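Got your viewer open? Take this tour one selection at a time, and turn the view whenever a new stop comes up.

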Amino acid sequence: APTPEQITVAETDIRCKAETNVIGVWFTVESAYQRRAIDHDSAAFATTRAALATQRDVVAEVERSAR
């Protein structure tokens, strides 16, 4: 079981994150980096998206044939 000190530290951490909106800021910044990466090399992301779609289709076909 956690000690009283560990509980206090956890509660303080949660309160700090809520007061400073750490999660919201983190999400916003990470999303901006991701959008920039996608914009910078959209062809590579499109290729990956197509490959994943092909994989998904193959898996679905294998699942259908296994029934």
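Start by colouring the charged side chains. The protein carries 8 positive and 10 negative ones, and the centres of the two sets lie 7 Å apart. Keep in mind as you look around that this is a predicted model.

**Stop 1: the whole chain**

Switch to a cartoon view and zoom out. You'll find three helices and zero strands, so the order from the N terminus on is simply α-α-α. The radius of gyration is 22 Å, well over the 11 Å that the globule rule gives for 67 residues, so the protein is more spread out than a compact globule. Rotate the C-alpha trace and you can see its extent along the principal axes: about 55 × 40 × 10 Å.

Now show the surface. How much of the protein is made up of buried residues? Just 1% of the 67 residues. The exposed area comes to about 6,100 Å², and carbon and sulfur atoms supply 62% of that.

**Stop 2: helix α1**

Select residues 4-20. This is helix α1, with 17 residues. From its first C-alpha to its last it reaches 24 Å, close to the 24 Å expected at 1.5 Å a residue. Step past the end of α1 and you land on Asn-21, whose phi is positive, near 55°.

Go back into the helix and show the side chains of Asp-13 and Lys-17. They form a salt bridge, with the closest N and O atoms 3.1 Å apart. Both residues belong to α1 and sit four residues apart, about one turn of the helix. Why does that spacing suit a pair? An α-helix has 3.6 residues a turn, so residues three or four places apart point the same way. Are these two buried, exposed or in between? Asp-13 is partly exposed, with a relative accessible area of 36%, and Lys-17 also counts as partly exposed at 36%.

**Stop 3: helix α3**

Next, select residues 42-66, which is helix α3. Show Glu-61 and Arg-64: their side chains meet in a salt bridge, 2.8 Å from N to O. These two lie three residues apart in α3, again about one turn of the helix. Arg-64 counts as partly exposed at 49% relative accessibility, and Glu-61 does too, at 42%.

While you're in α3, click on Glu-63. At 45% relative accessibility, it counts as partly exposed.

**Stop 4: a pair of neighbours in sequence**

Select Arg-56 and Asp-57. Here is another salt bridge, its closest N and O atoms 3.7 Å apart. Arg-56 is exposed, with a relative accessible area of 54%, while Asp-57 counts as partly exposed at 46%. The cut-off explains the split: exposed means over 50%, so Arg-56 passes and Asp-57 doesn't.

With that pair on screen, how many salt bridges does the model have? The count comes to three, and you've now visited Asp-13 with Lys-17, Arg-64 with Glu-61 and Arg-56 with Asp-57.

**Stop 5: a long reach**

For the last stop, put a distance line between the C-alpha atoms of Glu-11 and Glu-63. How far apart are they? The separation is 47 Å, for two residues that are 52 residues apart along the chain. Leave that line on and zoom out again: the C-alpha trace spans about 55 × 40 × 10 Å along its principal axes.

Notes:
Residues numbered from 1 in each chain as written. Predicted model: local features only at pLDDT ≥ 70, side-chain atom pairs only at ≥ 80, totals over all residues. Heavy atoms only, no water. Expected span 1.5 Å × (residues − 1). Rg over C-alpha atoms; globule rule 2.2 N^0.38 Å. Buried < 20%, exposed > 50% of the residue type's maximum accessible area, 1.4 Å probe, protein only. Areas by Shrake-Rupley, 256 points an atom, 1.4 Å probe, with all protein chains shown as cover. Lys, Arg positive; Asp, Glu negative; His and termini not counted. Charge placed at Lys NZ, Arg CZ, Asp CG, Glu CD. Salt bridge = Lys/Arg side-chain N within 4 Å of Asp/Glu carboxyl O.
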